[in-house]
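Here is a briefing on enclosed space and strand packing in one protein model. Look at the structure first, then read the points by topic.

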Amino acid sequence: MRELATVTESFTESVIREMTRICDAVGGFNLSQGFPDFEAPRALKDAAIAAINADLNQYPVTFGEPELRTAIAAKAKRYNGIVCDPDSEVTVTCGATEAMIATLMALINPGDEIVVFEPYYENYGPDGILSGARPRYVTLRPPDWSFDPDELAAAFNEHTKAIVINTPNNPTGKVFTSDELEDIGRLCRRWNCYAVTDEIYEHILYDGAQHISLASLPGMEDRTVTINSISKTYSVTGWRVDWAIAPAPVTSRIRKVHDFLTVGAPTPFQHAAVVALGLPDEYYVGLRAHYAEARDFLLDVLREVGFDCSRPSGAYYTMAGISQVNRAFGAGDDFEFSRRLLAAAKVATVPGSSFFSAPEGGRDHVRFCFCKRWETLRGVADSLRKNLASAPPSDIVRPSSSGVQQTLQQSAEG
């Protein structure tokens with residue numbers, strides 16, 4: 001047989017989604033993948049059902065139903081301070097992951113470089129490879145996950161086409177400050193490059209943190225692509241209704257890539273998304289209050305049993321140092337630790353190295369999410385307190401670069 005595409009050998013399957021499959025097979029508590037396990041708002045579900053019953057079930061306008069693009073533009077102006085034309089500057093995509101790859105493919109030419117902060121959401125690495133970009137990584141350092149301005153400046157050069165920013169950040173919970181965004185904006189203007197911002201956790205903020213959209217800063221209007229979503233804010237990660245806001249010349253190219261990647265996002269869910277974007281302010285107040293309480297609860301439990309946890313300012317994840325807990329486990333790395341944790345306490349997490357370009361960057365961390373109902377979080381707390389002191393040998397398959405390669409039947413039955 002002829003050789004398959006060699007580019008696919010340079011990255012792995014998603015470790016996050018693989019950990020979910022392993023967790024499901026053994027009936028564990030899934031604190032690995034960032035999806036809520038509680039109900040979506042009733043108004044959204046009713047709107048989706050109504051759209052289906054109204055036979056809004058065929059292909060949508062490829063780049064988004066007009067009603068939704070109008071709602072996105074209104075929301076972006078109201079909350080983000082971004083003024084955009086819904087007809088020429090908004091593209092509805094099938095997931096924020098598609099928005100990111102479509103954007104990079106619309107921007108990147110051979111030889112172009114992108115700047116990426118690490119730890120980073122794991123899709124950004126393969127997205128860069130598939131788009132043909134050469135990445136330059138800038139490190140975010142605990143405990144506050146700040147970056148060195150000199151290191152950031154050194155990553156830019158005449159080949160830089162774009163910088164990718166995720167704020168609030170997955171996996172760290174960092175919220176980029178106005179000063180940090182101003183520094184980034186100055187570099188983008190100096191080197192005449194774009195910024196691609198992933199802002200899907202924009203409403204999940206704590207302790208007075210403020211979300212600032214880079215596109216709202218003077219001089220960044222025409223060089224920023226803002227990616228956003230209904231997935232996290234409204235607990236509908238399976239609906240895959242997301243969007244990219246960009247200047248018209250960039251949008252026209254994003255739309256072409258999007259058209260041939262997915263054609264369009266699900267039609268009835270687009271109409272339900274209009275309802276989501278019209279929810280009152282009280283919804284967001286309640287959302288933040290719930291996640292703040294869940295964050296504090298899980299951090300207290302994790303610290304109690306020996307994890308060294310950073311305190312997120314946004315999103316619903318924490319990166320947890322494992323050095324102290326690993327004294328009992330004796331794991332050789334973060335993957336082995338995650339495997340043993342799942343065996344000992346049936347709690348699934350994500351190995352920290354999956355968020356770094358070089359594995360050693362995350363070998364002493366794992367990521368927990370806390371976007372779960374109280375029943376789940378209390379179950380996690382009870383299991384960790386009861387079982388973490390001992391770490392029995394594990395027969396649960398280790399996450400592998402080629403995906404789950406065993407049936408896990410033995411572990412599931414055990």
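The structure holds two cavities of 30 Å³ or more. The model is predicted. Rolling a probe the size of a water molecule over the atoms shows where empty space is left.

**Largest cavity**

- The volume of the largest cavity is about 40 Å³.
- Its lining includes the aromatic-named positions Phe-117, Tyr-120, Tyr-124 and Phe-176.
- Pro-119, Val-164, Ile-165, Asn-166 and Asn-169 are also among the lining residues of the largest cavity.
- Strand 5 (residues 160-166) gives the largest share of this lining, with three residues.
- By class, the lining of the largest cavity has seven nonpolar residues, two polar ones and no charged ones.

**Second largest cavity**

- The second largest cavity has a volume of about 30 Å³.
- Lys-75, Ala-76, Asn-80 and Ile-82 are among the residues that line the second largest cavity.
- Thr-226, Asn-228, Trp-243 and Ile-245 are also among them.
- Three elements each supply at least two residues of this lining: helix 3 (66-80), strand 7 (224-229) and strand 8 (242-245).
- The largest share, three residues, comes from helix 3.
- The lining of the second largest cavity divides into four nonpolar, three polar and one charged residues.

**Strand 3: burial**

- How many residues of strand 3 (residues 113-118) are buried? Six of its six are, and the strand is mostly covered.
- Glu-113, Val-115 and Phe-117 point one way from strand 3.
- Ile-114, Val-116 and Glu-118 point the other way.
- Residues on both sides of strand 3 are buried, Glu-113 and Glu-118 among them.
- Phe-117 of this buried set also lines the largest cavity.

**Strand 3: neighbours**

- Strand 3 and strand 4 (residues 134-139) run parallel and are joined by six bridges.
- Within that pairing, Val-116 has Tyr-137 of strand 4 as its bridge partner.
- Helix 5 (residues 124-131) joins strand 3 and strand 4 in making a β-α-β unit, and the unit is right-handed.
- Which strand pairs with strand 3 over four bridges? Strand 5 does, in the parallel sense.
- Ala-162 in strand 5 stands opposite Ile-114.
- Strand 5 thus appears under two topics: it pairs with strand 3, and it supplies three residues of the lining of the largest cavity.

How values were computed
Residues are numbered from 1 along each chain as its sequence is written. This is a predicted model: local features need pLDDT of at least 70, side-chain atom pairs count only at pLDDT 80 or more; totals for chains, interfaces and linings use all residues. Side-chain values use heavy atoms; hydrogens and water are left out. On a 1 Å grid over the protein atoms alone, a cavity is a set of points where a 1.4 Å probe fits but cannot get out, and a pocket is an open set with protein on both sides within 12 Å along at least five of seven lines; lining residues have an atom within 4 Å of a point. Grid points are joined across faces, edges and corners, and a volume is the space filled by probe spheres set on the points. Ala, Val, Leu, Ile, Met, Phe, Trp, Tyr, Cys and Pro count as nonpolar, Asp, Glu, Lys and Arg as charged, and the others, Gly among them, as polar. Buried means under 20% relative accessible area, exposed over 50%, partly exposed in between (1.4 Å probe, protein chains only). Two strands pair if DSSP finds at least two bridges between them. A crossover is right-handed if, with the strands pointing away from the viewer, the path from the first strand over the helix to the second runs clockwise.
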